[in-house]
Amino acid sequence: MNGHGRTAIRKVHQDVHQRPFLVIWESTRACQLVCQHCRADSQNEPHPLQLSTEEGKRLLDDIASFGVPSPMVVISGGDPFEREDLTELIAYGKQAGLSMALAPSVTPKATRERFAAAAAAGAKAVSISLDGATAPPHDGFRGIEGVYDATLPVCRDIIDLGMRLQINTTVTAGNVGELPELLRQVIDLDAFLWSVFLLVPTGRGEALQALPPEEVEDVLHWLVDVSNYLAVKTTEAPHFRRVILQRRRAGEVDAATSFGLGDTYRRLRAALDDLLAERDLPTRVPRPPLDINAGRGFVFIDHIGNVHPSGFLPVPGGSLRERSLPEIYREAPLFRELRDVSLLGGRCGRCEYRNVCGGSRSRAYAVTGDHLAEEPYCAYEPRGGPMLDAAGAPV
Ligand code: SF4
């Protein structure tokens with residue numbers, strides 16, 4: 001069973017209609033890597049209209065103006081180490097009362113000195129990508145040899161410098177079989193959180209093969225199992241929350257049989273059992289996933305100041321060069337629509353779990369062109385019951 005004695009899904013304290021829980025700022029699109037799944041279609045040079053240092057500081061002031069509890073801020077890219085003012089911006093955000101984190105690329109710019117400067121300026125956490133358990137698949141994904149070998153010492157530096165390490169993994173049809181080995185790596189690296197991202201076919205990721213819905217279901221159920229040993233979160237897979245609630249309601253059952261799961265789940269589960277037989281991994285109370293979604297507790301600012309509900313939903317609600325972030329977040333029709341589950345289409349619109357899931361709005365847009373359409377990579381067939389809340393009770 002999942003989540004003994006603890007809410008299966010964590011509601012954020014703030015009113016998500018008024019303020020986000022998490023703000024991701026794509027501070028630049030410049031990056032020396034050419035990752036196959038890159039949402040940003042990153043470039044070697046920064047865009048001439050990229051937000052300046054002063055505009056970046058105004059953005060951080062805007063974020064702080066949402067009030068307490070302040071949103072968490074992740075400075076991402078491209079590669080944020082491409083910005084010479086990165087340390088100054090982290091320090092400014094910290095001074096404004098914000099919790100600052102970083103999502104850099106592993107390039108020669110990711111030196112221990114620069115991480116130390118980020119930590120000294122106030123960065124609390126760093127996320128690093130690991131998409132293959134060995135060098136060939138990881139480097140193949142990133143388009144450059146040697147990145148895998150450079151990634152492991154970078155991870156150790158981050159922990160050594162007192163910051164929390166999050167490992168990000170993009171799951172595609174090409175690397176799903178490597179998930180158990182990746183899990184071993186994440187455990188060995190002592191990461192505080194494994195963030196598993198289900199590919200959205202947008203940017204350069206359009207060329208990659210996403211998992212079919214039935215296999216997505218297998219992976220999500222496996223992640224429920226894994227969360228008994230390691231803190232796990234999903235990105236662009238809000239149906240993980242539906243799976244957690246289903247498992248919680250089902251109690252101690254054989255998931256493969258009870259939920260009609262496929263070979264991918266059985267293989268992943270067998271590999272997890274091997275790992276458990278080999279190592280004495282302590283069980284933990286699973287970390288409940290946060291109930292946030294694109295534009296509902298979550299907002300993304302692109303490199304030129306456009307405000308999006310998600311980094312994978314390339315439709316802006318407005319520009320920081322014309323309106324403030326709180327104004328756009330609270331009032332833009334796009335954001336208001338995304339917070340209204342009654343507008344969801346297809347299966348999501350009649351799903352009992354729409355209140356705590358709602359599907360990936362980015363994937364709906366990428367596949368259908370409609371951000372309110374049903375999540376195309378969810379295998380669940382709604383039963384027509386009442387809408388459920390985060391505790392699995394009828395609303
Ligand atoms: S049908 Fe939509 S709302 Fe329901 S679980 Fe699937 S993605 Fe979530």
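This short talk walks through one predicted chain, from its overall dimensions to its core, its unusual backbone positions and the surroundings of its ligand.

Two remarks on conventions come before the details. Because this is a predicted model, local features are given only where pLDDT is at least 70 and side-chain atom pairs count only at pLDDT 80 or more, whereas totals for chains, interfaces and linings use all residues. Residues are numbered from 1 along each chain as its sequence is written.

Let me start with the chain as a whole, which has 14 helices and eleven strands; here helices (H or I, at least four residues) and strands (E, at least two) are DSSP runs, numbered from the N terminus. The C-alpha trace spans about 55 × 45 × 40 Å along its principal axes. The radius of gyration, taken over C-alpha atoms, is 20 Å, which agrees with the value near 21 Å for a compact globule of 395 residues, the rule being 2.2 Å times the number of residues to the power 0.38. Of the 395 residues, 48% count as buried, where buried means 20 or more other C-beta atoms within 10 Å of the residue's own, exposed means 12 or fewer, and partly exposed lies in between, with C-beta atoms placed from the backbone. If we take contacts (C-beta atoms, placed from the backbone, within 7 Å) between residues at least 6 apart in sequence, 75% of them join residues at least 24 apart.

Now to the interior. In soluble globular proteins, nonpolar side chains tend to be buried together. A nonpolar core is here a set of buried Ala, Val, Leu, Ile, Met, Phe, Trp, Tyr and Cys residues joined through C-beta atoms within 7 Å, and in the largest one, with 100 residues, Val 73, Ala 123 and Leu 223 touch the most other members. Helix H7 (residues 213-226) gives the most to this core, with seven residues. Leaving aside residues up to four places away in sequence, Leu 223 touches Val 196, Val 232, Thr 234 and Phe 240.

Which peptide bonds are cis? One is the bond from Val 68 to Pro 69, with omega near 0°, and Pro 69 lies in the loop between helix H1 (53-64) and strand S2 (72-76). Another joins Gly 77 and Gly 78, with omega about 25°, and Gly 78 lies in the loop between S2 and helix H2 (86-95).

Two residues other than glycine have a positive phi, and I take them in turn. Asp 190, with phi of about 65°, is in the loop between helix H6 (179-188) and strand S6 (193-198), and counts as exposed because it has 10 C-beta neighbours inside 10 Å. Glu 236, with phi near 55°, is in the loop between strand S7 (232-235) and helix H8 (239-250), and is buried, with 25 other C-beta atoms within 10 Å.

Finally, the ligand. A residue counts as near it if its C-beta atom, placed from the backbone, lies within 6 Å; of the 15 residues around the ligand, Cys 348, Cys 351, Cys 357, Gly 359 and Cys 378 come nearest. H8 and helix H13 (346-349) each supply at least two residues of this shell. By class, the shell has seven nonpolar, three polar and five charged residues, with Ala, Val, Leu, Ile, Met, Phe, Trp, Tyr, Cys and Pro counted as nonpolar, Asp, Glu, Lys and Arg as charged, and the others, Gly among them, as polar.

Technical notes:
Contact = placed C-beta atoms within 7 Å.
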